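Me: Could you take a close look at one part of this model with me? I would like to hear how one pair of helices packs, and then what surrounds that spot.

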Amino acid sequence: MLDVIFILAAVGFFGVAWAYVLGCDWLLEGRQP
Amino acid sequence: MTAAAWGQLALFSALVLLTTKPLGVYMARVFEGEHRPFPRILGPFERFLFRLSGVDPSVEQTWVRYAASVLAFSLFSLLVTYVILRLQGFLVFNPQKLAAVDPALAFNTSASFTTNTNWQAYGGESTMSYLSQMAGLAWHNFISAAAGIGIAIALARGLTRRRAPDAPRTLGNFWADLIRATVYVLLPLSLLFALLLVSQGVIQNLSAYREVTTLEGGKQVIALGPVASQEAIKELGTNGGGFFNANSAHPFENPSPFTNLVELWLIFAIPAGLTYTYGRMARDTRQGWAILAAMAVLFLGGTLVAHWAESRPNQALASLALDHGAGNMEGKEVRFGTAASALFATVTTDASCGAVNSMHDSFNPLGGLVPLVNIQLGEVIFGGVGAGLYGMLIFVILSVFIAGLMVGRTPEYLGKKVESREMKLAMLYVLIFPLIILGLTAWASVTQWGTSSLNNAGPHGLSEMIYAFTSGTGNNGSAFAGLNANTTWWNTLLAVAMLGGRFLMIIPALGIAGSMVGKKVVPAGPGTFPTNGPLFTFLLVSVVLIVGALTFFPALSLGPIVEHFAGLAGKVY
């Protein structure tokens, strides 16, 4: 059970990091909310 | 400082300086040259790996694709290590029949080695099989270091490339950079220095541990293993994870003052060389020397403070009628003494390495402050392989921006204008670091899971917690000790700190590279602020110190600084 949680946590972190990449790209493109 | 201490510092500094240019030229040829070094020996290996992995090195990537490749590769390698650690009890090369690593510890260790941190909440000889050490951990020592070098080169390309406005805004190919850093830089140097270390007494075998009878007639188990092959890359890749729990204080890892000097040089060699590589890429080597000078100033300052602090008696013993001539010897190897210990502690925390030859927890408060501050300045004083250069380049951009504000001109660097969009990402880079460290330390200091792991009360206990999260987030990996970090809470949160401190800082750095690479280059004019001279070095050092002080001084004042003054008043922790 803990194995599943930690593997999902790792995948989840890299998912957040990918969203962060897209967010930074959005900032660089100069788009406004 | 004694004459021997000065001599050691001078010899070490001279070695680093002497090898900066040749290593820098070599790495410039590897990453940017048309003809790579040793084409008959290393060329076929490189091409084999390209074919095996299906990589076409001529296909360049935008910053988003470069970042995606870094993330995908890191996630894959983290999961591979996690599986190896969890299954080591069923796998080969396990003569001690060590059981599977606990899930939280396996997660922490996988994150630790993926991020080039090498924080170790375990004793290597009592936890890890030889397969885990070699395939799970030493493998990461190469690839995490290679990834760091690749990212630094990508940022350097972004800042230094001159392209037509309609040209693709690409930064190179992550997979090609990863393979070239491994094949041309890390593997050959590691092999060479592993053999040198073997010749000096560092062990290398796959034997079971040996039980011996001591001179007093007792029994002692001597741990063995493939140490030399991991020792060289441990320092060269600024990884720092020791084969043994005692790390470079163990005689099988670091047998003599000569190997100590070699290991110190290995830690600084690539970060120093990369500054020259950067200068070559910028077509002005003085750009690289200016950055190296800033790193050297900060290094020398920290070293002198650490030497001074550790040459003084241990605060707990100062009032006793003892000979204090050797300085504070608590937690130090007699073979190395205070001078080599203080120098090693400074170098390993400047460079994001984390290997230790003494216990930082036993330093006098101001001696322990130096490693802590070194990491908190952002691991830019030489820094990790690659990480030091890309971290310092962010501070360069920050310095250029501040200089531009002071004279009322649009800031520019290497002829490219630095605009608000790059500054937003630079601020993300600068702010994410203290946010993780201070946020998690604050949480730990008011919770049962945080404080129950401490072995010391008062400001020293706070220092132990600050150090743990600083070391994790800074991807340093050295431990202050005095803290039982092998609990589910600490393992999990330190893993999050390590992952955040690596990838949430790499991403804005690559974003800045992607933004700068396509910018038009304007020729330098009379109003251009020169970034290749002593004035800029002074500004860069000042910015690094001011940002670090503004961020961390309040926390430090509650930890090592108040502990120092309490010690002067006779109260120790």
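Reply: Happy to help; below I start with one helix pair and then work outwards to its surroundings. Please keep in mind that this is a predicted model.

Let us begin with the two helices of chain B called α14 and α18. Helix α14 covers residues 420-445 of chain B, and helix α18 covers residues 534-568. Their axes come within 11 Å and cross at roughly 10°. Angles under 35 degrees count as roughly parallel, so α14(B) is roughly parallel to α18(B).

Which residues make the contact between the two helices? On the α14(B) side they are Val430(B), Phe433(B), Pro434(B), Ile437(B) and Leu438(B). On the α18(B) side they are Val547(B), Thr551(B), Phe552(B) and Ala555(B). By character, the residues of this contact divide into eight nonpolar, one polar and no charged. Thr counts among the polar residues because it is outside both the nonpolar and the charged groups.

Leu438(B) is a good residue to zoom in on. It lies in helix α14 of chain B and, leaving out residues up to four places away in sequence, touches Thr551(B), Phe552(B) and Ala555(B). Is Leu438(B) buried or partly exposed? Its relative accessible area is 31%, so Leu438(B) is partly exposed; buried would mean under 20%. There is also a link to another stretch of the chain: the C-alpha atoms of Leu438(B) and Phe469(B) are separated by 8.1 Å, although the two residues are 31 places apart along the chain.

Two other residues of that helix contact, Phe433(B) and Ile437(B), lead us on to Thr473(B). Thr473(B) is found in helix α16, residues 458-473 of chain B. Setting aside neighbours within four places in sequence, Thr473(B) is in contact with Phe433(B), Ile436(B), Ile437(B), Ala497(B) and Gly501(B). With a relative accessibility of 1%, Thr473(B) counts as buried.

A little further along the sequence is Asn475(B), in the loop between α16 and α17 (488-516) of chain B. The backbone is worth a look here: phi of Asn475(B) is near 55°, a positive value in a residue other than glycine. Asn475(B) has a relative accessible area of 7%, so this loop residue is buried. Glu379(B) gives you a second example, since its phi is also near 55° and positive in a residue other than glycine. Glu379(B) sits in the loop between α12 (365-376) and α13 (387-407) of chain B, and at 4% relative accessibility it counts as buried.

Now for a place where the two chains touch. Phe107(B) is found in helix α4, residues 103-114 of chain B. Not counting residues up to four places away in sequence, Phe107(B) touches Phe6(A), Ala9(A) and Ala10(A) in chain A, along with Tyr82(B), Thr492(B) and Ala495(B) in chain B. Phe107(B) counts as buried, at 3% relative accessibility. Its C-alpha atom is separated by 34 Å from that of Leu196(B), which is 89 residues away along the chain.

The partner chain can be described briefly. Chain A has one helix and zero strands. Its C-alpha trace spans about 45 × 15 × 5 Å along the principal axes. Of the 33 residues in chain A, 27% are buried. The accessible surface of chain A comes to about 2100 Å², and 73% of that belongs to carbon and sulfur atoms.

Finally, a word on the aromatic rings. Over all chains there are 28 aromatic pairs. In one of them, the rings of Phe174(B) and Trp175(B) have centres 5.2 Å apart and planes at 70°, so the pair is edge-to-face. Phe174(B) is buried, at 0% relative accessible area, whereas Trp175(B) counts as partly exposed, at 28%. The rings of Phe243(B) and Phe244(B) likewise have centres 5.2 Å apart, with planes at 75°, so this pair is edge-to-face. Phe243(B) is buried at 3% relative accessibility, and Phe244(B) is buried at 1%. Both belong to one aromatic cluster, together with Tyr130(B), Tyr209(B) and Phe252(B).

Methods: Residues numbered from 1 in each chain as written. Chains lettered and ligands numbered in written order. Predicted model: local features only at pLDDT ≥ 70, side-chain atom pairs only at ≥ 80, totals over all residues. Heavy atoms only, no water. Phe/Tyr/Trp six-rings, centres within 6.5 Å; stacked < 30°, edge-to-face > 60°. Buried < 20%, exposed > 50% of the residue type's maximum accessible area, 1.4 Å probe, protein only. Helix = DSSP H or I, 4+ residues; strand = E, 2+ residues; numbered from the N terminus. Areas by Shrake-Rupley, 256 points an atom, 1.4 Å probe, with all protein chains shown as cover. Axes fitted to C-alpha atoms, helices over the stretch in contact; angles between N-to-C directions. Parallel < 35°, antiparallel > 145°, perpendicular 65-115°, else oblique. Contact = heavy atoms within 4.5 Å.
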